[in-house]
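Work through the exercises below with the model open. Each one is a task followed by a stepwise solution.

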Amino acid sequence: MKRIFVTIILAFGLLSAFSQIRMDTGKYDDWHVDSHGNILINTSSSIVKFDSKGNIIAKWTPSATNNIIYIDASDNLRVLVFYPESYQISVLDRYLLEIADPLDLTISGIYDITKVCRSISGGIWAADMQTNTIYELQNNLRVNLSFSFSNYGHVSKIKKMVAYDQQLWFLMTDSAWLVLDFFGQYLTKHYQKGLEKSQISKQIVHFIDEGNLYSYDIKLKESKIAASNVAASKGCFIYTDLLYLFEDKCITIRNLNTERTD
């Protein structure tokens with residue numbers, strides 16, 4: 001059972017008075033904020049990287065006509081870009097330059113990979129639809145460990161996979177986050193509405209539900225209302241004192257420490 005606490009100061013709509021930066025991006029599919037507050041957006045045909053002031057600092061387009069499905073920038077020095085049509089991953093540096101040729105995941109002997117994410121050991125986690133198995137691949141793409149996903153359904157129902165804090169997080173088709181350890185043992189499940197659009201990369205994550213901005217402690221499973229009258233169709237993220245709001249065709253960055261002066 002979640003517990004709701006109200007932060008009164010911001011709940012009266014002061015957030016709308018804070019200064020903001022708007023970036024018109026055009027339509028994009030997904031977003032990721034790295035550990036330095038830079039934003040990477042996936043347009044399916046390219047990746048564009050913005051700094052926390054809204055400036056474009058890099059852009060990358062794959063040489064082949066592959067559709068980009070997933071970005072993992074949890075390590076800003078080694079960004080993973082996955083396109084399952086060819087079972088390949090491109091590895092980019094902080095400037096979105098390719099570190100090496102694309103990795104062919106079929107070298108591992110796995111041929112039906114639907115989801116991937118970066119392993120905290122520097123390797124890659126991969127979900128194989130054919131065997132309904134989760135694999136951890138080393139840098140040389142050899143299998144380090146694996147476990148069956150059968151106790152939790154089928155990997156075809158995984159919408160997103162994230163490695164965080166010695167845990168694997170799986171966003172399922174019912175919009176709940178399933179959390180397992182690295183050996184496939186059940187830890188918990190988060191049913192919090194709105195959390196499906198959050199980036200799981202720290203203990204306190206943020207989400208928007210019915211016009212309210214919430215902070216959510218993923219260890220305590222406690223929510224706080226941080227502000228009202230907030231909209232973001234693709235999700236939100238807070239980096240230091242900056243609030244990123246992701247809309248269908250634009251991104252807004254608001255400074256939470258800048259108050260109305262009139």
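**Exercise 1.** Is D24 buried or exposed, judged by its relative accessibility? Then describe its salt bridge with R22.

Solution. The model is predicted.
- Step 1. Take D24: its relative accessibility is 61%. Exposed means over 50%, so D24 counts as exposed.
- Step 2. Take R22: its relative accessibility is 53%. R22 therefore counts as exposed too.
- Step 3. Check the contact. The side chains of R22 and D24 form a salt bridge, with an N to O distance of 2.8 Å. The cut-off is 4 Å.
- Step 4. Put the contact in context. The structure holds six salt bridges.

**Exercise 2.** Trace the network of salt bridges that contains K193.

Solution.
- Step 1. Start with D209. The side chains of K193 and D209 meet at 3.8 Å, N to O, in a salt bridge.
- Step 2. Locate the two ends. K193 lies in the loop between β18 (186-190) and β19 (204-209), while D209 belongs to strand β19. They are 16 residues apart, and the pair links distant parts of the chain.
- Step 3. Check the burial of D209. Its relative accessible area is 13%. The limit for buried is under 20%, so D209 is buried.
- Step 4. Move to E210. A salt bridge joins the side chains of E210 and K193, at 3.6 Å from N to O.
- Step 5. Locate this pair. E210 sits in the loop between β19 and β20 (212-217), and K193 in the loop between β18 and β19. The separation is 17 residues.
- Step 6. Check exposure. Both E210 and K193 are exposed.
- Step 7. Combine. K193, D209 and E210 are linked in a network of salt bridges.

**Exercise 3.** Which strands stand at the edges of the open sheet that contains β24, and why is one side of each left without a neighbour?

Solution.
- Step 1. Write the order. Four strands form the open sheet β2-β24-β23-β22, with antiparallel pairing.
- Step 2. Read off the ends. The edge strands are β2 (20-24) and β22 (235-239). Each has a single partner strand, so one side of each has no neighbour in the sheet.
- Step 3. Add the geometry. From one strand to the next, the twist averages 15°.
- Step 4. Inspect one pairing. Five bridges join β2 to strand β24 (residues 250-255) in the antiparallel sense. I21 has I253 in β24 as its bridge partner.

**Exercise 4.** Describe strand β11, its hairpin with β12 and the sheet around them.

Solution.
- Step 1. Assess β11 (residues 113-118). The strand is mostly covered, with five of its six residues buried.
- Step 2. Find its partner. β11 runs antiparallel to strand β12 (residues 124-128), and five bridges join them. I113 stands opposite D128 in β12.
- Step 3. Examine the turn. Five residues separate β11 and β12 in the hairpin. In the turn, G122 has a positive phi of about 100°.
- Step 4. Extend to the sheet. Its four strands follow the order β11-β12-β13-β14; the sheet is open and its pairing antiparallel.
- Step 5. Find the edges. β11 and β14 (143-148) each have a single partner strand, so each has one side without a neighbour in the sheet. The twist averages 20° from one strand to the next.
- Step 6. Close with β14. Strand β13 (residues 133-137) pairs with β14 over five antiparallel bridges. One bridge sets I134 against F147 in β14.

Conventions
Residues numbered from 1 in each chain as written. Predicted model: local features only at pLDDT ≥ 70, side-chain atom pairs only at ≥ 80, totals over all residues. Heavy atoms only, no water. Pairing = 2+ DSSP bridges. Helix = DSSP H or I, 4+ residues; strand = E, 2+ residues; numbered from the N terminus. Axes fitted to C-alpha atoms, helices over the stretch in contact; angles between N-to-C directions. Buried < 20%, exposed > 50% of the residue type's maximum accessible area, 1.4 Å probe, protein only.
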